[in-house]
Structure formats: structure tokens, C-alpha cells
Amino acid sequence: MSRLEGKVCLVTGSSGGLGAAFCRKLVAEGAVVAAAGRSLPRLEPLVAELKAWTAEARTRATCGPAGASARPSAGSAAIPASGAGTEVSAATGTAAAPAAAGSRIATAPAALASADHLAVELDIGSWESVQAGVRQVEAALGRIDVLVNNAAAYGDLTRAPFWELPIDEWDRVLATNLRGPMLVSRAVVPGMRARRQGHIVNVASATFWSGSANWAHYVASKGGLIGLTRVMAKELGPDGICVNAVAPGFTLTAASLDLVPGAESYGVDRGCLKRAQQPEDVVGLVAFLASDESGFITGQTIIVDGGRQFN
Ligand SMILES: NC(=O)c1ccc[n+]([C@@H]2O[C@H](COP(=O)([O-])OP(=O)(O)OC[C@H]3O[C@@H](n4cnc5c(N)ncnc54)[C@H](OP(=O)(O)O)[C@@H]3O)[C@@H](O)[C@H]2O)c1
């Protein structure tokens, strides 16, 4: 049995980058995923891809002894680890799965629950949108077992000393990156508290440790999220809910490629492991923190950066 079999996971900011990679990994581990974002058309290719994988897995599991033995297991098939270049065939509805640059082999999807993956419009900057999105997921999928607070203002931010940062941009970054995860958590926790179980995974950043200059609003927002993670862990622990954070180092997503000239080699020399970080380097920890295998870990922030920072 896959460790996330039948778990319903809501992932914010899923239209690309790390969010899409998290969705793929969670589905590969057996979850049913609600992929959330501000634009439904941008989410639909990913959700079509996830549905195609799951439909294929269900077919394999229900076509007799030979089919049952062909049920996907760890390492049995390659799925793309980033959204780049993924296409869904209009003729067959099945996902073509080109290997993304630098991607590693992941497991095939094993989600065999009757519910299917869902795209949901959800702007974490708006309490109304958050409530409507969470209600939609709960109505369609029955509950939310896992929340991954991934969405953030990240790639398009001004780089300048704090005294020069536009004050309205400071407010937008804090509102998105700190208030946003608080709002989504606030909408999701009543259901988790009623069931006395749940996992919340906040996506922070290793920049909190490096103190990345000229990025005060972003670094402060992620530092605040690490503090929020600890408070939420204390407040939700009595209800059996685990709250943790992952802090990725500089990871090669589309947003990062636009951020730094020479992104492919940026900071590689500063890590213990001398290579660039890919989204697939982060997904395993998120799947672990989403699962009951991490059920006695809470309030923690774990850096995933190939050993650039030590916590
Ligand atoms: N890549 C890295 O090096 C790195 C390192 C450390 C931490 N992180 C964190 O990892 C997460 C993903 O980063 P990424 O590299 O994948 O960048 P990304 O592609 O820009 O991902 C950010 C996502 O957040 C969404 N978003 C922004 N504002 C939103 C809002 N108000 N409501 C809902 N969604 C919103 C964006 O959706 P739209 O498509 O609607 O704009 C986008 O899908 C972020 O939390 C980032 O801070 C990234």
C-alpha cells in the first residue's frame, strides 16, 4: 500500500514549478490531489495529466490477475518531475510524459481511490476566494487530509536594499507569503480538527538562514512562516494535526531561471553536494511530511539545499 493511498491533498500554487512537482509526487504516492491556483486554464494540463496516470493505474489494477500484478510499484515507471513540456493528447486523453531536464525517475501513480484529482481556483490573497476554494474541495473530495502551503510571491520581486523596496510590494509579499498560508490553514483546519488528524506542510525558504541581501520582504515573509509553523504546531497538536515546514535552497524552477543570471550554476560551490537543486530534490520530504510516517514530527523546519546551510 502506498503511504498516501486515499489521502486528499490540497496544494496551493500548483500551476508550475515546485507546486506542480509536489502534486505529481503526492499522486505517485497514492494521494488524490486538489491542485489550486489563481488561473484554472493554467492548472488544467497538470490535472489532466494526473487523471490520466491514475486512470491508467486503475485500469491496470482491475484487469485480472495479470493486470493486478502489473500494478505500479516504486520505480516501475518514469513520470516527469516538472511541468516543462508535458502535453496531454487530445485524441487519447493520456499524458505524454517527456523526461524533464535533469529529472530523476519517480514512482508511477498509485491513487486508486474513487475520487479524482481536481483543479481549483484559489487566490491566497483573498479570504473569500480561500473559503470558496476549500469548500469546493471538501464538497468534491469529502475532506482535506493534507495541506501544502506552497503558493508565494517569489519570482517577480524587486531586488533592492530594504530602504529602497517599494512599500506596497513589501505589503503584497507579506500578505501573500505569510497571511496567505495562515488564511488557507484557517479554512482547512476545522475539518482536520473534527477528524482529529491532518498534516500541514508550509513551504519556507533557506534564505531565512542565508539572509539573502536585497530581498528583505521575501526573507522576512519566509521567516514569519517558520514562526507561524511553530505556533500552529502548538495550537493544533492537541487535535492530532502535524505542522511542519520545508525550506528549499535555490531550486531550478522556471521562476528561478528568470531570477538569477547563470541560474544553473548559481551557488553550486557553496553546498556540500556540488550540483544544482531540482524540484525532485524537495518532493520526497514533502511526501514524507504529508504521510503518517512523520506522525510524531511537528513544528519543525527542514532545509533541503544540498548542505549549503546548517540548521
Ligand atoms: N525555486 C526556488 O528556488 C525556491 C526556493 C525556496 C523556496 N521556494 C518557494 O517554493 C514555492 C514555489 O516556488 P517556485 O519556484 O515553484 O515558484 P513559482 O512557480 O513562482 O510558484 C509560486 C506559485 O505561487 C502562486 N501564487 C502567487 N501568488 C498567489 C496568490 N495570491 N494566490 C494563489 N497562488 C499564488 C503562483 O501562481 P500563479 O501561476 O497564479 O502566479 C505560482 O504557481 C514558493 O513558496 C517559493 O517561495 C522556491
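What follows is a conversation between a visitor and a guide about how the descriptions of this predicted model are reached.

Visitor: What kind of model is this, and how are its residues numbered?

Guide: The model is predicted, so local features need a pLDDT of at least 70 and side-chain atom pairs count only at pLDDT 80 or more, while totals for chains, interfaces and linings use all residues. Residues are numbered from 1 along each chain as its sequence is written.

Visitor: What is the average pLDDT of the chain, and where does pLDDT stay under 50?

Guide: On the scale of pLDDT, which is the predictor's confidence in each residue from 0 to 100, the chain averages 87, and 84% of the residues score at least 70. Over residues 66–113, however, pLDDT stays under 50, although the model has 107 contacts beyond four places in sequence for them, a contact being two residues whose C-beta atoms, placed from the backbone, lie within 7 Å. Where pLDDT is low, the predicted coordinates should not be read in detail.

Visitor: What makes up the secondary structure of the chain?

Guide: The chain comes to 9 helices and 9 strands, where helices (H or I, at least four residues) and strands (E, at least two) are DSSP runs numbered from the N terminus. Among contacts between residues at least 6 apart in sequence, 74% join residues at least 24 apart.

Visitor: Why is Val8 called buried or exposed?

Guide: A residue is buried if 20 or more other C-beta atoms lie within 10 Å of its own, exposed if 12 or fewer, and partly exposed in between, with C-beta atoms placed from the backbone. Val8 has 25 C-beta neighbours inside 10 Å and therefore counts as buried. Val8 lies in strand E1, and its C-alpha atom is separated by 5.2 Å from that of Asp145, 137 residues apart along the chain. Leaving aside neighbours within four places in sequence, the contacts of Val8 include Val32, Leu141 and Asp145.

Visitor: What makes Ile303 buried or exposed, and which residues does it touch?

Guide: Ile303, found in strand E9 (residues 301–304), has 21 C-beta neighbours inside 10 Å and so counts as buried. Not counting residues up to four places away in sequence, Ile303 touches Ala206, Trp209, Ala247, Gln309 and Asn311; Ala206 is 97 residues apart from Ile303 in sequence and 6.2 Å apart in space, C-alpha to C-alpha.

Visitor: How do you know that the span of helix H4 agrees with the expected one?

Guide: The expected span of a helix is 1.5 Å times one less than its number of residues. The 15 residues of H4 (residues 127–141) should therefore span 21 Å, and the end C-alpha atoms of H4 are 21 Å apart, which agrees.

Visitor: Why are the buried residues of H4 said to line one face of the helix?

Guide: The buried residues of H4 are Val130, Gly133, Val134, Val137 and Leu141. Seen down the axis of H4, these residues fall within an arc of 95 degrees, so they line one face of the helix, the arc being that of the directions from the helix axis to the C-beta atoms. They pack against strand E1 (8–11), strand E2 (32–37), strand E5 (118–121) and helix H5 (167–195), whereas Glu128, Arg135 and Ala139 are exposed on the other side of H4.

Visitor: Why is helix H9 described as largely enclosed?

Guide: In H9 (residues 280–290), 8 of the 11 residues are buried, so H9 is largely enclosed by the rest of the structure. The elements against which the buried residues of H9 pack include E1, H1, E7 and E9.

Visitor: What is the phi of Arg196 and of Asn214, and how exposed are these two residues?

Guide: Arg196 has a positive phi of about 60 degrees although it is not a glycine, and with 10 other C-beta atoms within 10 Å, Arg196 is exposed. Asn214, also not a glycine, has a positive phi of about 70 degrees, and because Asn214 has 14 C-beta neighbours inside 10 Å, it counts as partly exposed.

Visitor: What makes up the shell around the ligand?

Guide: The ligand is surrounded by 29 residues, the closest being Gly13, Gly17, Ala151, Ala152 and Thr253; a residue counts as near if its C-beta atom, placed from the backbone, lies within 6 Å. Helix H1 gives the most to this shell, with 3 residues.
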